[in-house]
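Work through the exercises below with the sequence and the structure side by side, and try each task before reading its solution.

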Amino acid sequence: MSIESSSDDQYGELLAWGASMGITDAPLSEQKTHGAGQIGLSSLCLGHCLCIASFPAAGGCVWFLFFPFRRGLAAMRDLSEGELILRVPGQALMSSKTARQDPRLKKILDSFPALSSSQILTIHLLSEIAKGSTSQWYAYLVHLPRVHHTLSYFCSFEAEELQEDDAICTAKSAAQKAYADWEAARPVILKMGLSHRFATLKAWLWAAATVSSRSLHVPWDEAGALCPIGDFFNYAPPGQHEANVVSDSPHSSEKEQQLDDEQSGFGLSMRERLRDGGYDTNLGAYCFYARQQYKKGQQVLLCYGQYNDLELLEYYGFLLPHNPNNMVYLLPPDPLEFGHSNLGASSQHLACRTRFHLMANGNPSFSLLAAMRLSAASPALRKSHGYHALSGQQLSIEVDNDVYRWLSEKCQKLLAKFPTISQEDIVLVKILSACCDSNGSQTVSAFLNELSKGRKPFPDFIDKDLLTYSPTVLENVIKQLLQMMKVEGFKKGFSDHTKIAYAFERWKAAIQWRLSHKAVLERCIQYSNRKLLLLNKELLDR
Ligand SMILES: C[S@@+](CC[C@H](N)C(=O)[O-])C[C@H]1O[C@@H](n2cnc3c(N)ncnc32)[C@H](O)[C@@H]1O
């Protein structure tokens, strides 16, 4: 078993509370044999299929800072694909419905009709936490994570470190939206008479991020519901086994390209999307199914939906080492860029921007390729053979030549706009990881001390292989670290090692995000250049 099973002591009360609420991982047949009303046959709600466990968090964990482990659910025995593995009855969920079951909260909420569902759920969470041990969800609430690193937490420096305009804008908007939501919800929190600490922006950010990163879809409320125990499942992206993210091999056919496009777009099979489970109105419970076979001890994962890297960071505060659904949006060129008139060219580009993107493996999406081919074709060719492009076919070798040259140059230009190169990002991530992983706060402070004394050789705890990087790369990295030390938030937090370490984690996440963004552009350049070589050969052979 590559995991550490968490003792029943630590989660004993939660598991017993879960059983009393009817949460169970026992098979439905047992419930039938023993009759309804005896769902919790065992005194603990887990143990038949699942247990709470800690898994090594290498590569993907952002918020479990000083603990290189991530909590999740493990298989207690071999599980087969499609097996029902957990049921959480509706009465155990926290949603806007249960918010309105609290008569005091309902009365106040009724006088604030403009609040969104997410705001209501966030207020509900804060109000239950404020109740302490008298809350019916107390046993669950005490196990919620204390820290999140969703984009709403990013300060201006951290947002800018994403280095890409759309991403920076998304991060800043997330922080602004959280602030605006808090301002609008604060009168409700104050009217409820909760203590001042529950009305702070800090408390709001935490509660809103908890809702964002843990709520599951329910049919009756767009904010979803908090689902005790069910929200212990960590995430696996859809289509993980089909997509070959790291492969650099070009597509052998346009058909294959279309298939990839569909898998990473709207073409996921219903089965792929739904087999994880959802709220079952017949059973009156949230039901979870094994999405694949699991061996005893393996981590059981849940697909929360299809997200690119920025969305994972925005809603969940973490990044996957390889996300098959990552993408880089890219608007197709205007025909004018190829010296052709744009009369008669499609003007739908802005309307369906998301369909124009580079996929995680660097290949253009089906729609982007079709649009580039149409733009690169002469008006006459566009008119006579444009439909070929729309069905994924080449219009001519010359057109494809122009397309892939444009694409390669475009990606090079985009890469050149970034203030750092990938190698510098890699070194920075290594340094920040060393700061956060080894000795936690002590390491951070030792590191900052070394830096403030202007010592150029990296402190001992930093990976020695850093010295194999070119002096220019290292100089630039040191410049960035020193620049970061001047940032107001960091300066103030120097005495608080935990705060600094959290800030390092967010900074690291921003750098990792831009690294994976650049990696897609780099893969696209390689892909386009390989295509150009093949096309040139075809031209010569003609
Ligand atoms: C619904 S909770 C899952 C359970 C959570 N690990 C816990 O201990 O409560 C979602 C959060 O878990 C973490 N998480 C989930 N899947 C992850 C993954 N594949 N890699 C890294 N972190 C993940 C992220 O912090 C995310 O916001």
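**Exercise 1: a nonpolar core**

Task: find which residues Val-88 touches, leaving out residues up to four places away in sequence.

Solution: Val-88 touches Ile-23, Leu-93, Cys-227, Pro-228, Ile-229, Gly-230, Ala-285 and Tyr-286, where a contact requires C-beta atoms, placed from the backbone, to lie within 7 Å. The model is predicted, so local features need pLDDT of at least 70 and side-chain atom pairs count only at pLDDT 80 or more, whereas totals for chains, interfaces and linings use all residues. Residues are numbered from 1 along each chain as its sequence is written.

Next, Val-88, together with Leu-50 and Val-300, touches the most other members of the largest nonpolar core, which has 104 residues. Such a core is a set of buried Ala, Val, Leu, Ile, Met, Phe, Trp, Tyr and Cys residues joined through C-beta atoms within 7 Å. Helix H20 (residues 497-541) gives the most to this core, with eleven residues; helices are DSSP runs of H or I with at least four residues, numbered from the N terminus.

**Exercise 2: a residue in a helix**

Task: decide whether Glu-183 is buried or exposed.

Solution: start with its place, which is in helix H8 (residues 165-191). Glu-183 has 11 C-beta neighbours inside 10 Å and therefore counts as exposed, since a residue is buried with 20 or more other C-beta atoms within 10 Å of its own, exposed with 12 or fewer, and partly exposed in between, the C-beta atoms being placed from the backbone. Finally, Glu-183 and Asp-276 lie 93 residues apart in sequence and 36 Å apart in space, C-alpha to C-alpha.

Note on methods. Helices (H or I, at least four residues) and strands (E, at least two) are DSSP runs, numbered from the N terminus. Two residues are in contact if their C-beta atoms, placed from the backbone, lie within 7 Å.
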